[in-house]
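Visitor: I should like to take a close look at a single part of this protein and then see how other parts may be described in the same manner. Would you please guide me through it step by step?

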Amino acid sequence: MNLLILGDVMGASGRSALKNNLPKIIAENKIDFVIVNGENAADDGRGITKLIAEEFFLKGVDVITSGNHIWDKKEILEYIKIEKRLLRPANMHKDLPGKGINIFKKKGFKICVINLMTNMFMLKSENVFKKTASIIKNIKLKKNVDFIIVDVHGEFAGEKIALGHMLDGKSTLVFGSHTHVPTADNIILSKGTAYQTDLGMCGDYNSVIGLNKKIFLNNFLKIKNKQKNIPASGKVTICGSIVKANNKTGLAVSIKQL
Ligand code: FE2
């Protein structure tokens, strides 16, 4: 099983790069399953809409994960109730709509995708370690499902790495999202789980985490009237990783950055 995981898609330019390149990337790398973090895909970089999600699915995305920006576009509160391929962090308050875990069937395999959000410097949510422990009690690799993929959306690398080790041997792949900065620590952990602290973003890197660099800097320096940050709209780099997984064990064989 070849898995393609893509980092946070940033604004309209990130979307158009994905739209123009995803089918080719899928074909060239014989990808079987695609996950993208879509919580910054709206024009202003905040949230996602039904239209955008459906465009992603049409281009070959199997599951969209998210994080702290999931509720920024109010229409998503209704859409996430009916669209199972769009996930929000599982450790968000239980009364919020949508789900953070779902099992998808593809090419004869059962693939479980889990979306989590860390606790430090993030929106308040349930303790991510306790939540993870309760989830993996019930979902077991090669018992209930063939592959388990976990998106850990968060700011602090230490929490993501600790979760990677917690899930080592119990999941196919654990990857981080949210910081928009790709890390070079893509590895196979000692018990066979592929891990990367952050995939980076699909956006314009001549920016500050995908946002217009002039506005962002001016807002920090407070030298002029404060302006709303907007996504940078220059040349986009698509960032993510490709994970090859063993169909018999459900564990990872390789993880290479895209
Ligand atoms: Fe985020």
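Guide: K143 counts as exposed, because its relative accessibility is 69% and the cut-off for that class is over 50%. The model in which this value was computed is a predicted one. K143 is placed in the loop that runs between helix 4 (128-138) and strand 7 (147-153). Together with K140, K170 and K191, K143 forms a positive surface patch.

The loop that holds K143 also contains K142. K142 counts as partly exposed, because its relative accessibility is 32%. The backbone of K142 deserves attention as well: its phi is near 65°, a positive value in a residue other than glycine. Most residues other than glycine have a negative phi. A second residue with a positive phi is H178, where the angle is near 105° and the residue is again not glycine. H178 is placed in the loop between strand 8 (173-177) and strand 9 (187-188). H178 counts as buried, because its relative accessibility is 15% and buried means under 20%.

Strand 8 itself leads to the next residue, since G176 has its place there. G176 is buried, with a relative accessible area of 1%. Leaving aside neighbours within four places in sequence, G176 is in contact with D151, V152, K160, Q196, T197, D198 and L199. A position along the chain may also be compared with a position in space: G176 and D146 are 30 residues apart in sequence, and their C-alpha atoms are 21 Å apart.

One of the contacts of G176 is T197, which is found in the loop between strand 10 (194-196) and strand 11 (201-204). T197 counts as buried, because its relative accessibility is 5%. When residues up to four places away in sequence are not counted, T197 touches A157, K160, I161, G176, S177, T183 and D185. K160 therefore appears among the contacts of T197 as well as among those of G176.

K160 also takes part in a salt bridge: its partner is D198, and the closest N and O atoms of the two are 2.9 Å apart. K160 lies in helix 5 (residues 157-166) and D198 in the loop between strand 10 and strand 11, so this pair ties together parts that are 38 residues apart in sequence. Both K160 and D198 are buried. D198, like K160, is in contact with G176.

A search of the whole structure finds 10 salt bridges. Among them is the one in which the side chains of D62 and K106 meet, at 3.0 Å from N to O. D62 lies in the loop between helix 2 (50-58) and strand 4 (63-65), whereas K106 lies in strand 5 (residues 101-106), so the pair ties together parts that are 44 residues apart in sequence. D62 counts as buried, because its relative accessibility is 14%, whereas K106 is partly exposed, with a relative accessible area of 24%. Another salt bridge joins the side chains of E83 and R85, at 2.9 Å from N to O. E83 is buried, with a relative accessible area of 11%, while R85 counts as partly exposed at 33% relative accessibility.

The loop between helix 2 and strand 4, where D62 lies, is also the place of K59. K59 counts as partly exposed, because its relative accessibility is 32%. Not counting residues up to four places away in sequence, K59 touches K19, L22, P23 and I26. For K59 and I26, which are 33 residues apart along the chain, the separation of the C-alpha atoms is 9.7 Å.

To return to the surface, a patch of another kind may be set beside the positive one. L217, F220, L221 and I223 make a nonpolar surface patch of about 460 Å². L221, one of these residues, lies in helix 6 (residues 213-221). L221 is exposed, because its relative accessible area is 51% and exposed means over 50%. K143, with which this account began, likewise counts as exposed, at 69% relative accessibility.

How values were computed
Residues numbered from 1 in each chain as written. Predicted model: local features only at pLDDT ≥ 70, side-chain atom pairs only at ≥ 80, totals over all residues. Heavy atoms only, no water. Patch = residues over 30% accessible without salt bridge, like charges linked within 9 Å, V, L, I, M, F, W, Y side chains within 5 Å. Areas by Shrake-Rupley, 256 points an atom, 1.4 Å probe, with all protein chains shown as cover. Salt bridge = Lys/Arg side-chain N within 4 Å of Asp/Glu carboxyl O. Lys, Arg positive; Asp, Glu negative; His and termini not counted. Charge placed at Lys NZ, Arg CZ, Asp CG, Glu CD. Helix = DSSP H or I, 4+ residues; strand = E, 2+ residues; numbered from the N terminus. Buried < 20%, exposed > 50% of the residue type's maximum accessible area, 1.4 Å probe, protein only. Contact = heavy atoms within 4.5 Å.
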